[in-house]
Structures are given as C-alpha cells and as structure tokens.
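Please load the model in a viewer and keep the sequence panel open beside it. The tour below proceeds by selection, with a note on what each selection shows.

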Amino acid sequence: MGFLDKFKKGLKKTQNRIAEGLATALLGEKEIDDSIEEVLEEVLLEADVGVEATEELIESIVEKVSRRQLKDLQAVLNALKGQVVDMLSVSERSHLLEDNRKPLVVLVVGVNGVGKTTTIGKLAKKYIKMGKTVILGAADTFRAAAIEQLEIWAKKVNCDLVKHKEGSDPSAVAFDTVKAAVSRGIDVAIIDTAGRLHTKENLMKQLEKMKRVISKVITDAPQRVVLVLDATNGQNALNQAKEFQKITGITDIILTKLDGTAKGGIILPIVRQLNVPVAFVGVGEKEDDLIPFDPEEYARGLFEV
Ligand SMILES: Nc1nc2c(ncn2[C@@H]2O[C@H](COP(=O)(O)OP(=O)(O)OP(=O)(O)O)[C@@H](O)[C@H]2O)c(=O)[nH]1
Ligand SMILES: [Mg+2]
C-alpha cells in the first residue's frame, strides 16, 4: 500500500464520522439549507476540529449555502476540503528528514504511551532508507523493558544503540549517545525519553537537563525536539503540546494513532495554534506506518467519500 492510501486509511474513522454524520442528517432533504449549520457544528466538533476552526469552516459553508452555491452533500464536502487545505497551507513544512546537520540530534518527548519508542523505530528506518546512519539512545531508563523495546527496534532497522542500566541517569545516556555519534561519524542520533506528564515539574526539569548536557557535546544540539502526540487524546493532546512548548522548544510534531480514532480533526488546531509543523502522522504499529503529513492529502482523507 502506498503512502497516500495509508494516509487515507488512517483517516477512515474520522472521515466516517464527518461524512456519515452529514449524510444521515441530510437524508431525505431535497436541498441543503441553513439547518446544515447545526449538523456541521456537531460533526466537526466531534471530530475534534476545535471550536475556532469549526466556526471558521461553518461560516464559509453557510454563506455559500445561502447563496445557493452548495446544493448537495458532495458539494459541501468539496467546499470543506478546499477550505481545510487553505487553512493548513499557511503552515510551514517540517524538514526533520532533510536536516543535514551532522550529527543531527533528535530528542523525542511526550507523555506516557503516546508512541514515542515506536515512532523512533519508524523514523530511524526512514533515515536509513535515505542512506543515513543512525544511532538510538535508550534514555528512557525509567520504565521496565523500555530499553529492551528500543533494542528490538535497533535490531529490526539495523542501527547502533547506546544504553545504560535501568534506573540510571537519562542525561548520561543522552550524553554518551551524542558522543558516540560524533566519534563514529554517525549522521543521526535519536534519543528516546521516558513518558512524562506535562504537569510534573521535576520530570520537565529533567528534560531541560538532558538538553543542557547534550549541548555540552554539540553546541546547537539537540537541533530537533520532536513532540509525539496521540491523536486519540484529541483536544487534550493540544493542551499537552502547549505545556511542552512552554518548557522546551518543540521543532516538530508527530501525531500518532490516527488510525485508531475519529478525532483526526485535531490536526487543524494543532497546526494553527502551535506554529510548529506536523512532520508525520502514525497510522499503525508497523515500521512503515509513519506518513509524511500533507495538508492536501489530509483534507482529501477527511472529506472524500
Ligand atoms: N494503532 C497505532 N498504534 C500505535 C501507533 N504508534 C504507536 N502505537 C502503539 O502504541 C503503543 C505505545 O507505544 P510506545 O511506542 O511504547 O509508546 P511510548 O510513548 O514510547 O510509551 P512510554 O515509553 O511508556 O511512555 C504500542 O502498542 C504501539 O504499538 C500508531 O500510529 N497507530
Ligand atoms: Mg517508550
């Protein structure tokens, strides 16, 4: 299956909610009228498009309906698609893969269970496919089996790994990983971190320390701080992102588990409110289930039936 099909499949649940929600509500109506406003609001909010973006979308659709420019469901879906592309195209594209600083240090952060470690495996594979060499740093020394989980990925994608004992200082692992990348001439060092709630001050401080220690090896590193968000968390993911952004400069966002939720609309407020590009979306648990985010494909996935 190609990227585009996978992206579409990953958005299926969200698409169903929106398109079917609208279709059901409009069933039996000869022509679309103002009553679409309420239905639209409901389905868009349910898909976690967020209040602000929902209002913006509704305004434009209702205006077109009252001018009799949109007569059926298909026309409404098409209009929504165009509008969403416009809303997202203001955002910058992520250059996570194309960042050629060497070694590139990528620090991966996020709350518990969002898919950090899995995403690191998938990401490593992408760099390797481009002909780059990769080293992984097992700086989640907190959770039992976290190191082993990353080791399995390193074996699977065939790259180096730096690890210490469980319970050791994550900053020391990060430091050694970057050192190893430099001495072995490796292109990309990706550092896994323990899941942490954005509300836990001491854990957020620990992230700061990791960054500081890494910059002792290379002044401008980590050049990329990737925040992994779980799409199934919907609006809550947005709140997490805001907190992480306050404490540690996020350069890229990866939104996982799009395949498992009807809340795929959350990308809109994420892109529009955070001013950080969404680099990839996760659409499954396998190594190739990480898809570059593209506004056009996203809008098609949401609104094309
Ligand atoms: N369906 C689906 N599952 C995913 C995706 N990404 C990750 N997962 C699954 O989510 C679960 C948690 O993934 P991990 O990579 O362990 O998450 P983590 O953020 O490293 O977790 P902690 O280290 O405990 O904080 C695993 O079962 C993954 O297979 C995705 O895009 N889609
Ligand atoms: Mg993990």
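In which loop is Pro222 found? Select it: Pro222 belongs to the loop between α9 and β5 (224-230). The model is a predicted one, and in it Ala221 and Pro222 are joined by a cis peptide bond with omega about -5 degrees. A second cis bond runs from Lys102 to Pro103, where omega is near -10 degrees. Pro103 sits in the loop between α5 and β1. As background, most peptide bonds are trans, and most residues other than glycine have a negative phi.

**Two positive phi values**

Select Arg68 next, in the loop between α4 and α5. Its phi is positive, about 60 degrees, although Arg68 is not a glycine. Then move to Lys257, in the loop between β6 (252-256) and α11; phi of Lys257 is also positive, near 60 degrees. Are these residues buried or exposed? Arg68 counts as exposed because it has 10 C-beta neighbours inside 10 Å, whereas Lys257 has 25 inside 10 Å and therefore counts as buried.

**Helix α5**

Select residues 73-88, which form helix α5. At 1.5 Å a residue, its 16 residues should span 22 Å, and the end C-alpha atoms are indeed 22 Å apart. Now colour Val76, Leu77, Leu80, Val84 and Leu88, the buried residues of α5. They lie on the same side of the helix, because they cover an arc of only 95 degrees around the axis. The general rule is that an α-helix has 3.6 residues a turn, so residues three or four places apart point the same way. To see what these buried residues pack against, display α2 (12-26), α3 (36-46), α4 (51-66), α11 (267-274) and α12 (295-303).

**Helix α9**

Continue to residues 201-217, helix α9. Its 17 residues reach 25 Å from first C-alpha to last, close to the 24 Å expected at 1.5 Å a residue. Which residues of α9 are buried? They are Leu207, Met210 and Ile214. These cover an arc of only 55 degrees around the axis, which puts them on the same side of α9. Rotate to the face turned away from that buried side, and the exposed residues Glu201, Asn202, Lys205, Glu208, Arg212 and Lys216 come into view. The cover over the buried residues includes β1 (104-109), β2, α8 (170-184), β4 (188-193) and α10 (235-247).

**The nonpolar core**

Select Ile190 and Ile253, which touch the most other members of the largest nonpolar core, a set of 94 residues. Apart from neighbours within four places in sequence, Ile253 is in contact with Leu227, Leu229, Ala241, Ile270, Val276, Pro277, Val278 and Ala279. In soluble globular proteins, nonpolar side chains tend to be buried together.

**Ligand 1**

Display ligand 1 with the 21 residues around it; Gly115, Thr117, Thr118, Gly195 and Gly282 come nearest. Helix α6 (residues 116-129) gives the most to this shell, with three residues. By class, the shell holds three nonpolar, eleven polar and seven charged residues.

**Last stop**

Finish at Gly131, in the loop between α6 and β2 (134-139). Gly131 is exposed, having 7 other C-beta atoms within 10 Å. Draw a distance from its C-alpha atom to that of Asp86: the two residues are 45 apart along the chain, and the separation is 34 Å.

Notes:
Residues are numbered from 1 along each chain as its sequence is written. Chains are lettered from A and ligands numbered from 1 in the order in which they are written. This is a predicted model: local features need pLDDT of at least 70, side-chain atom pairs count only at pLDDT 80 or more; totals for chains, interfaces and linings use all residues. Helices (H or I, at least four residues) and strands (E, at least two) are DSSP runs, numbered from the N terminus. The expected span of a helix is 1.5 Å times one less than its number of residues. A residue is buried if 20 or more other C-beta atoms lie within 10 Å of its own, exposed if 12 or fewer, and partly exposed in between; C-beta atoms are placed from the backbone. The arc is that of the directions from the helix axis to the C-beta atoms. Two residues are in contact if their C-beta atoms, placed from the backbone, lie within 7 Å. A residue is near a molecule or strand if its C-beta atom, placed from the backbone, lies within 6 Å of it. Ala, Val, Leu, Ile, Met, Phe, Trp, Tyr, Cys and Pro count as nonpolar, Asp, Glu, Lys and Arg as charged, and the others, Gly among them, as polar. A nonpolar core is a set of buried Ala, Val, Leu, Ile, Met, Phe, Trp, Tyr and Cys residues joined through C-beta atoms within 7 Å.
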